[in-house]
Amino acid sequence: MDTKKEIAKRIQQLCAEHDYNINGLARAAGVPPSTLKNIIHDGSKNPGIVTIKHLCDGLGISLYDFFNTDDFKNSEPESE
């Protein structure tokens, strides 16, 4: 599993579910749009948990809700 790609995919899913575009979510979450774009478009090497928490706050969900998907539940360990 590529965790970075799964996080980007999950953010895009949640944006669609909550009717946000990238800039709208960035505003709601209080993060720079460039940060969110870097996470989604694979520019970020390590999307931090604090940033993901801010995104969750902007979406009105918990970290548990963010990671409570089959993709994350069934993930294999990352190889380096």
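Is Lys-53 buried, partly exposed or exposed? Lys-53 comes out as partly exposed, because its relative accessibility is 35%. One caution before I go on: this is a predicted model.

Let me stay with Lys-53 for a moment. The residue sits in helix H4. Its side chain makes a polar contact of 2.5 Å with the side chain of Asp-57. Now look towards the end of the chain. Pro-77 is 24 residues away from Lys-53 in sequence, and their C-alpha atoms are 22 Å apart.

Next, helix H2. This one covers residues 22–29, and its buried residues are Gly-24, Leu-25, Ala-26 and Ala-29. What do they pack against? Three helices: H1, which is 3–17, H3, which is 33–40, and H4, which is 49–59.

Both ends of H2 deserve a look. At the N-terminal end, Asn-21 acts as the cap. A side-chain oxygen of Asn-21 lies 3.1 Å from the backbone nitrogen of Asn-23. At the other end, just after H2, comes Gly-30, with a positive phi of about 70°.

Now the pairing of H2 with H4. Their axes come within 7 Å and cross at roughly 100°. An angle from 65 to 115 degrees counts as roughly perpendicular. So H2 and H4 are roughly perpendicular to each other. Which residues meet there? From H2, we have Leu-25, Ala-28 and Ala-29. From H4, we have His-54, Leu-55, Gly-58 and Leu-59. By class, that contact holds five nonpolar residues, two polar ones and no charged ones.

Compare the pairing of H1 with H3. Here the axes are 8 Å apart, and the packing angle is about 120°. That angle makes H1 oblique to H3. H1 brings Ile-7, Ala-8, Ile-11 and Gln-12 to the contact. H3 answers with Leu-36, Ile-39 and Ile-40. The class count is six nonpolar, one polar and no charged.

On to the core. In soluble globular proteins, nonpolar side chains tend to be buried together. In this model, how many residues does the largest nonpolar core have? The count is 18. Those with the most contacts inside it are Ile-7, Ile-11, Leu-25, Leu-36, Leu-55, Ile-61 and Phe-66. Each of H1, H2, H3 and H4 supplies at least two residues of this core.

Pick out Ile-7. Set aside its neighbours within four places in sequence. Ile-7 is then in contact with Ile-39, Pro-47, Ile-52, Phe-66, Phe-67 and Phe-72.

That list leads us to Pro-47. Where is it? Pro-47 lies in the loop between H3 and H4. Buried or exposed? Buried, because its relative accessible area is 11%, and the cut-off for buried is under 20%. Pro-47 and Ile-7 are 40 residues apart along the chain, yet 8.2 Å separates their C-alpha atoms. Leaving out residues up to four places away in sequence, Pro-47 touches Lys-4, Ile-7, Ile-39 and Ile-52.

Another residue in the loop between H3 and H4 is Ser-44. Ser-44 counts as buried, because its relative accessibility is 17%. With the same sequence neighbours left out, Ser-44 touches Lys-4, Asn-38 and Ile-39. Lys-4 and Ile-39 are also on the list for Pro-47.

Back to H1 for Lys-9, which is in that helix. Lys-9 counts as partly exposed, because its relative accessibility is 35%. From Lys-9 to Pro-47 is 38 residues along the chain, and 13 Å between C-alpha atoms.

Then the loop between H1 and H2, where we find Asp-19. Most residues other than glycine have a negative phi. Asp-19 has a positive phi, near 55°. How accessible is Asp-19? Its relative accessible area is 72%, so Asp-19 is exposed.

Last stop, Lys-73. This residue belongs to helix H6, residues 70–73. At 53% relative accessibility, Lys-73 counts as exposed, since the cut-off for exposed is over 50%. Lys-73 and Ser-34 are 39 residues apart in sequence. In space, their C-alpha atoms are 29 Å apart.

To close, two points to keep. H2 packs through its buried residues against H1, H3 and H4. And the largest nonpolar core takes at least two residues from each of H1, H2, H3 and H4.

Definitions and conventions: Residues numbered from 1 in each chain as written. Predicted model: local features only at pLDDT ≥ 70, side-chain atom pairs only at ≥ 80, totals over all residues. Heavy atoms only, no water. Buried < 20%, exposed > 50% of the residue type's maximum accessible area, 1.4 Å probe, protein only. Helix = DSSP H or I, 4+ residues; strand = E, 2+ residues; numbered from the N terminus. Contact = heavy atoms within 4.5 Å. Polar contact = N/O pair within 3.5 Å; in protein donor to acceptor, adjacent residues only side chain to side chain. Axes fitted to C-alpha atoms, helices over the stretch in contact; angles between N-to-C directions. Parallel < 35°, antiparallel > 145°, perpendicular 65-115°, else oblique. Nonpolar A, V, L, I, M, F, W, Y, C, P; charged D, E, K, R; others polar. Core = buried A, V, L, I, M, F, W, Y, C linked by side-chain atoms within 4.5 Å.
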